[in-house]
Amino acid sequence: MTISRRTLLGAGAGIGVGVLGGCGSNTGRGGGGSGGVRLAQWYHQYGEAGTEQAVKRYAGAYTKARVTVQWRPGNYDQQTAAALLTDSGPDVFEVNGPSLDQIQGKQVEDLTALLDGVKDDFNPAVLAPKTYQGKVYGIPQTIDMQMLYYRKSMLRDAGVRPPRTLDELVDAAQKLSDSKVKGLFLGNDGGAGVLGGTPLYAAGLQLVTEDGKVGFDDPAAARALGKLRELYAGKALLLGAPTDWSDPSAFLQGLTAMQWSGLWALPQVQKELGDDFGVLPFPGDGSHGKPTVPVGAYGAAVSARSKEREAAKAYVRWLWVERTDYQEDFALGYGFHIPARISLAKKAAKLRTGAAADAVRFATDHGYAQPLLWTPASQTAYQDALSRIIKDGANPESELRGVVRKVTAELDRVKHTS
Amino acid sequence: MRRRRAFWFWVFVGPFAAGLALFTYVPLLWSVGLSFFDAHNTVTPTDFVGLDNYTAMLKDSAFTGSLRTFLVFTAFIVPVTFALSLALALMVNRVRRAQAFFRSVFFLPAACSYVVAALIWKMSIFNGVRFGLANTLLGWFGTDPVAWLSTTRPPWYWLVIVTVRLWLQAGFYMILFLAGLQRIDPVLYEAAAVDGARPGWTVLRHITLPQLRATSVAVLLLLVINAFQAFDEFYNLLSDARGYPPYARPPLVYLYYTALGQGQNLGLGSAGAVILALIIAIVTVGQARWLRLGRSEEE
């Protein structure tokens with residue numbers, strides 16, 4: 001059989017139309033079904049096995065709309081931020097926020113009414129960053145927190161007690177370090193990325209005050225950050241591990257005696273080390289200091305560009321407010337998180353004993369969440385300064401002066417926008 | 001006949017021209033437009049701010065620092081890659097047996113993804129613990145493990161960044177040089193030999209390099225543009241879920257975080273992109289004029 005030029009061209013055009021038609025057709029809003037409301041729901045990719053199947057099961061159980069779940073690996077925050085600029089984005093989406101710019105840009109719906117009658121049952125620390133001018137823009141799903149894991153046997157052998165102050169942490173890390181094992185792992189960048197504002201809160205300060213001002217224009221801030229430099233300069237930090245702080249592998253492989261990591265690592269640590277570990281908050285520094293743990297929560301938000309906004313809100317209320325059985329299953333059935341509802345966290349059996357109970361107590365007593373007014377530009381300026389202080393030995397006072405100027409300008413900008 | 005040719009010209013070229021216009025020139029012009037607006041979280045802004053985004057970007061120490069980073073990177077990577085790929089080409093060109101084998105071996109890394117290579121460098125060769133390949137070698141000489149990507153004094157991270165790029169791209173430029181070498185008329189070498197020129201530096205300087213001038217100019221231009229556009233290996237070697245360290249942050253990485261990160265400041269990011277595009281254009285045109293690209297030897 002011979003193929004003429006005309007046939008080939010026609011076939012090519014047909015394929016081209018097919019390909020172009022296929023491009024962008026998968027908006028995640030469902031398809032193939034007939035009638036009824038269709039909703040697209042996006043989640044970032046969780047590492048824990050079974051989570052994806054679970055959220056699809058929850059969506060399948062909803063009868064008032066056909067919900068299609070999209071499980072999105074990769075840079076999820078960037079994906080959602082870009083999708084919110086278009087009409088082909090999700091109706092309901094999980095968000096590590098929403099950010100102040102997303103709220104001020106009217107990209108997300110006001111969800112305040114969904115919490116009528118139950119608002120007090122949501123952990124206030126994680127609800128606050130989702131609240132702007134009294135309105136709630138995200139319904140917290142589960143709480144994650146970070147804390148310090150330490151190997152009891154290694155500390156005992158070195159004659160070191162679990163550190164209760166930042167000075168003790170520096171001292172312990174140095175005593176625990178030798179040519180094969182390092183005292184502390186704060187991430188491969190020396191802690192600049194993961195610690196964020198934690199040392200400032202540990203020094204009794206804040207990133208942004210209640211009245212919207214810079215909360216760390218204080219000598220205590222420079223003092224606390226200077227101690228992180230001591231850790232780095234004293235060669236007490238593990239650097240360049242194959243996995244980063246969020247993975248407990250370095251701790252489990254005995255590369256470090258202490259590691260800053262997340263609550264999610266607790267089941268794995270418990271399985272590998274049994275009782276040979278303990279957990280602590282980041283220790284306080286100075287006379288006004290206090291122990292601190294950062295907490296955060298992915299939340300469910302509704303896109304303002306959704307054509308089914310009311311149906312999307314009804315679905316969010318059903319899943320993340322009414323169906324407490326699903327919320328508990330989502331938090332503790334696959335990974336290890338604290339349910340965002342206080343009543344659920346209190347009754348969860350897995351959170352009542354041992355290190356898990358300690359973690360819940362730290363989150364309740366010492367938890368702080370990154371304030372909504374702490375913008376990405378402020379975060380970059382602060383994180384850059386922290387990196388220069390830790391790694392280059394830059395002067396903390398002068399570095400922080402630059403950050404204070406930048407953050408003040410950012411706070412002025414967001415106030416002007418509101 | 002002419003109308004028929006024009007018809008077929010547009011049938012074949014039209015779709016690609018439309019694609020180029022739609023996916024390259026429209027976004028480019030849109031981006032230039034955005035750079036004059038306050039465009040937080042929107043691609044259809046209404047708040048005109050004139051040159052404010054440009055002023056802010058040029059005053060931003062993180063952006064100007066990123067320009068310095070890539071100047072350092074360019075100043076190093078361009079001559080080193082040039083010299084290495086030329087040396088490889090000269091060696092492979094002189095090989096009498098299995099030349100195709102050696103050509104393929106050196107070219108093969110060019111087929112590897114920057115992302116994959118960066119992850120191999122980061123996790124296997126240059127990880128900072130004692131069982132990383134580089135640290136294992138150092139350990140044989142009694143040296144303590146080095147945190148290659150986390151040490152700023154001395155800046156060992158440059159060694160990782162530079163070696164991965166050299167490994168990835170030297171083979172590609174070697175092929176260009178090899179093609180240039182094989183176009184040189186052997187009569188020139190024979191005449192030089194008759195005149196008493198000994199093989200080696202003299203022949204290289206007076207025959208080979210002048211004959212490779214056109215190839216060398218093209219290689220230099222490509223190297224400079226590639227260095228300006230460095231993103232993949234920097235991002236994959238140094239970023240983590242919480243961001244990116246201020247050292248070794250090239251402009252494209254910074255603009256990526258500004259425009260596509262959670263900040264979504266598309267106006268500011270666009271202004272930075274325009275500034276960067278202008279710098280690349282000025283340097284490229286200046287370099288082309290300096291190297292007399294496109295002019296014949298007689299001019």
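When I speak of contact today, I mean heavy atoms within 4.5 Å of one another, and I should add at once that what we are looking at is a predicted model. On that footing, 35 residues of chain B are in contact with 38 residues of chain A.

Let me stay with this interface for a moment. The area buried between chain B and chain A comes to about 2900 Å², with carbon and sulfur atoms giving 50% of it. The count of salt bridges between the two chains is one, and in it Arg249(B) pairs with Asp384(A), where the closest N and O atoms are 2.5 Å apart. Polar contacts across the interface involve 14 residue pairs, both partners being at pLDDT 80 or more. On the side of chain B that touches chain A, the elements giving two or more residues are helix H1 (2-34) and H12, and H1(B) gives the most, with three residues. That side of chain B divides into 16 nonpolar, 13 polar and six charged residues.

Turning now to the interior, the largest nonpolar core has 67 residues, of which Phe73(B), Ile161(B), Phe234(B), Leu237(B) and Leu238(B) touch the most other members. Several helices of chain B give two or more residues to this core, including H3 (61-94), H7 (157-182) and H13 (266-290), and H7(B) gives the most, with 14 residues. Leaving aside residues up to four places away in sequence, Ile161(B) touches Phe73(B), Glu233(B), Phe234(B), Leu237(B), Leu238(B) and Ala248(B). Apart from this core lies another, of 65 residues, among them Ala65(A), Trp71(A), Met145(A) and Ala355(A).

Conventions: Residues are numbered from 1 along each chain as its sequence is written. Chains are lettered from A and ligands numbered from 1 in the order in which they are written. This is a predicted model: local features need pLDDT of at least 70, side-chain atom pairs count only at pLDDT 80 or more; totals for chains, interfaces and linings use all residues. Side-chain values use heavy atoms; hydrogens and water are left out. A nonpolar core is a set of buried Ala, Val, Leu, Ile, Met, Phe, Trp, Tyr and Cys residues joined through side-chain atoms within 4.5 Å. Buried means under 20% relative accessible area, exposed over 50%, partly exposed in between (1.4 Å probe, protein chains only). Helices (H or I, at least four residues) and strands (E, at least two) are DSSP runs, numbered from the N terminus. Buried area is the accessible area (1.4 Å probe) that two parts lose on being put together, summed over both. A salt bridge is a side-chain nitrogen of Lys or Arg within 4 Å of a carboxyl oxygen of Asp or Glu. A polar contact is a pair of N or O atoms within 3.5 Å; within protein, one must be able to donate a hydrogen and the other to accept it, and residues adjacent in sequence count only if both atoms are side-chain atoms. Ala, Val, Leu, Ile, Met, Phe, Trp, Tyr, Cys and Pro count as nonpolar, Asp, Glu, Lys and Arg as charged, and the others, Gly among them, as polar.
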